[in-house]
Structures are given as structure tokens and as C-alpha cells.
Amino acid sequence: MDQNSGFIAAVEEAKMGAAEGGVPIGACLVSKDGKILGRGHNMRVQKGSPVLHAEMSALENSGRLPASAYEGATMFTTLSPCDMCTGACLLYKIDRVVIGENVNFMGGEELLRSRGKEVVVVDNHECKELMSTFMKEKPELWNEDIAV
């Protein structure tokens, strides 16, 4: 699997979240050898959960893995990760975070970098459009999601 496949999976997940009436953020966790460990999307609305952000969903869908499974892994996410998801990436020692966009929301990118993690911002138009449309159409859900 190449870098594009993990990112494409994250975007597919974001679209699924939007189609379900939820927050359109997707994520995909890929091992250092290119295997998808887990993918998911924000499920706060669908499951009534305060913590099932896209990155957390991808980790949960990875199942119970040994710590070594995360070594060299990349988390692909359509939006800059919030503090909780940044912390999860640090906790599981994920080496690289590829972000679709950080215009609509800037998360913990500097913290990731300060801890030696590689952070790549793709600046993807489709990701920006998904989020900006959602934020305009459902501001109450977005404000709830980011704890405003």
C-alpha cells in the first residue's frame, strides 16, 4: 500500500460519516509494512459517544494489538487531530501523522512535532470542503464536537 491508499481510505471514512449524519472526519491507521490496521470515522453522533473521534475509531477498529504493531505506523486523518487524538497517537507511539487539512481546525500538530513525530499536512481541497460545509450546515454539532 502506498501513502495515497491510506489517505483515500480516510477520505472514504469521512464521507461515510457525513452520509450517516455525523461529523465528516475519517482516519486510517497503516502499519510500517503498508497494512491497514484499522480505519474509522467520527461516530459521536451515531453512537452518542463523547470520545469516538475518527482517530479513536480507527484505533478501536484495529483491535487489541501488541505495542510493536504501532512501531513505524502512520495515522492518516482528514482533519488536524484534537488534543485527545494527538495524545492517542503519542500514547501508541505512532511515528507519522498525515493530515488532510488544518484550515478549518488546527489541532495538536506542534505537540506531535515536539515529540519527534513526522507531521505531513496534505492541504486537500476535498477535506476542506467536507468540513467547511459541515461547519456551516451543522454548527451546533461542530461546537459540541470540539467542546465549545
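Is aspartate 123 buried, exposed or partly exposed? Let's work through that and a few other spots, bearing in mind that this is a predicted model.

1. Start with aspartate 123 itself. Its relative accessible area is 43%, so it counts as partly exposed, since that label covers anything between the 20% limit for buried and the 50% limit for exposed. You'll find aspartate 123 in the loop that runs between strand E5 (118-121) and helix H6 (125-137). Have a look at its backbone too: phi is positive, about 60°, even though this residue is not a glycine.

2. Now hop over to lysine 93. Here's another residue other than glycine with a positive phi, this time near 55°. Lysine 93 also sits in a loop, the one between helix H4 (83-91) and strand E4 (96-99). How exposed is it? The relative accessibility of lysine 93 is 57%, so it counts as exposed, because the cut-off for that word is over 50%.

3. Next, the sheet. Which order do the strands come in? Reading across, you get E2-E1-E3-E4-E5: five strands in an open sheet with mixed pairing. At the edges are strand E2 (36-41) and E5, and each of these pairs on one side only. Going from one strand to the next, the twist averages 15°.

4. Zoom in on E4 and E5. In general, strands of a sheet pair through backbone hydrogen bonds, and they can be parallel or antiparallel. E4 and E5 run parallel, with four bridges joining them. If you want one pair to pick out on screen, try arginine 96, whose bridge partner in E5 is glutamate 118.

5. What lies across the sheet strands E1, E2 and E3? That's helix H3 (residues 54-62), which crosses strand E1 (26-30), E2 and strand E3 (74-77). Relative to E2, helix H3 runs at about 140°.

6. Finally, click on leucine 59, which belongs to helix H3. With a relative accessibility of 10%, leucine 59 counts as buried, because buried means under 20%. So who are its partners? Setting aside neighbours within four places in sequence, leucine 59 is in contact with Leu29, Tyr70, Met75, Ala88, Tyr92 and Ile94. Try glycine 40 as well: it is 19 residues from leucine 59 in sequence, and their C-alpha atoms are 8.0 Å apart in space.

Terms used: Residues numbered from 1 in each chain as written. Predicted model: local features only at pLDDT ≥ 70, side-chain atom pairs only at ≥ 80, totals over all residues. Heavy atoms only, no water. Helix = DSSP H or I, 4+ residues; strand = E, 2+ residues; numbered from the N terminus. Buried < 20%, exposed > 50% of the residue type's maximum accessible area, 1.4 Å probe, protein only. Pairing = 2+ DSSP bridges. Axes fitted to C-alpha atoms, helices over the stretch in contact; angles between N-to-C directions. Contact = heavy atoms within 4.5 Å.
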